[in-house]
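Colleague: Could you walk me through a couple of helices in this model?
Modeller: Gladly; here it is.

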Amino acid sequence: MRCANHSHGVLAGKVCLMLDHRKPRENMIDSQEYYPHPDKARILIVDDEPTMRFGLTQILDHEKSLSVCGEAANVDQALLLIEHARPDVAIVDISLDKRCGVEIIRTIRQRFRSLKLLVWSLHDEELYAERVLHAGAMGYISKREEPEKI
């Protein structure tokens, strides 16, 4: 099912994935009908900044073993996409919906125990990394890192 003219990830109860991130409104396909790369690790990007999602997608798309399976701009979208797209890893911005990053990780972890979570943030790693690791994240990535390190 095509979900034309909707970039927010959800249409009438259906979860949709953006496949061509340069034209998000015209290229969305129902996640239950389309899995583009079954041999690659499926990555969900969760960030409220479209430019950050786009940039991270561009970086990850160059990795042969990774495939971005969806993008979410907030926690509610992320929970729906996790349920329907079944990513292997979610890369989650620590500051979404003006909510505490540790609570975001706990919320996702409670519902999806086997999902690998990486936190992606501009915040100081020394202050937040230990907290999110205790909440259930498996790692912390600084948005200030060079693309090659990510």
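Colleague: What phi does G136 take, just after α4?
Modeller: G136, just after α4, takes a positive phi of about 125°; helices here are DSSP runs of H or I with at least four residues, strands are runs of E with at least two, and both are numbered from the N terminus. This is a predicted model, in which local features need pLDDT of at least 70, side-chain atom pairs count only at pLDDT 80 or more, and totals for chains, interfaces and linings use all residues. Residues are numbered from 1 along each chain as its sequence is written, and side-chain values use heavy atoms, with hydrogens and water left out.

Colleague: Which residues of α4 are buried?
Modeller: In α4, residues 125-135, the buried ones are A129, V132 and A135, where buried means under 20% relative accessible area, exposed over 50% and partly exposed in between, with a 1.4 Å probe and protein chains only. Seen down the axis of α4, the buried residues fall within an arc of 130° (taken from the directions from the helix axis to the C-beta atoms), so they line one face of the helix.

Colleague: And what is exposed on the other side of α4?
Modeller: E126, E130 and H134 are exposed there.

Colleague: What covers the buried residues of α4?
Modeller: The cover includes α3 (101-111), β7 (116-121) and β8 (139-142), with contact meaning heavy atoms within 4.5 Å.

Colleague: Switching topic, which residues of α2 meet α3?
Modeller: From α2, V75, L79, I82 and E83 meet I104, T107, I108 and R111 of α3.
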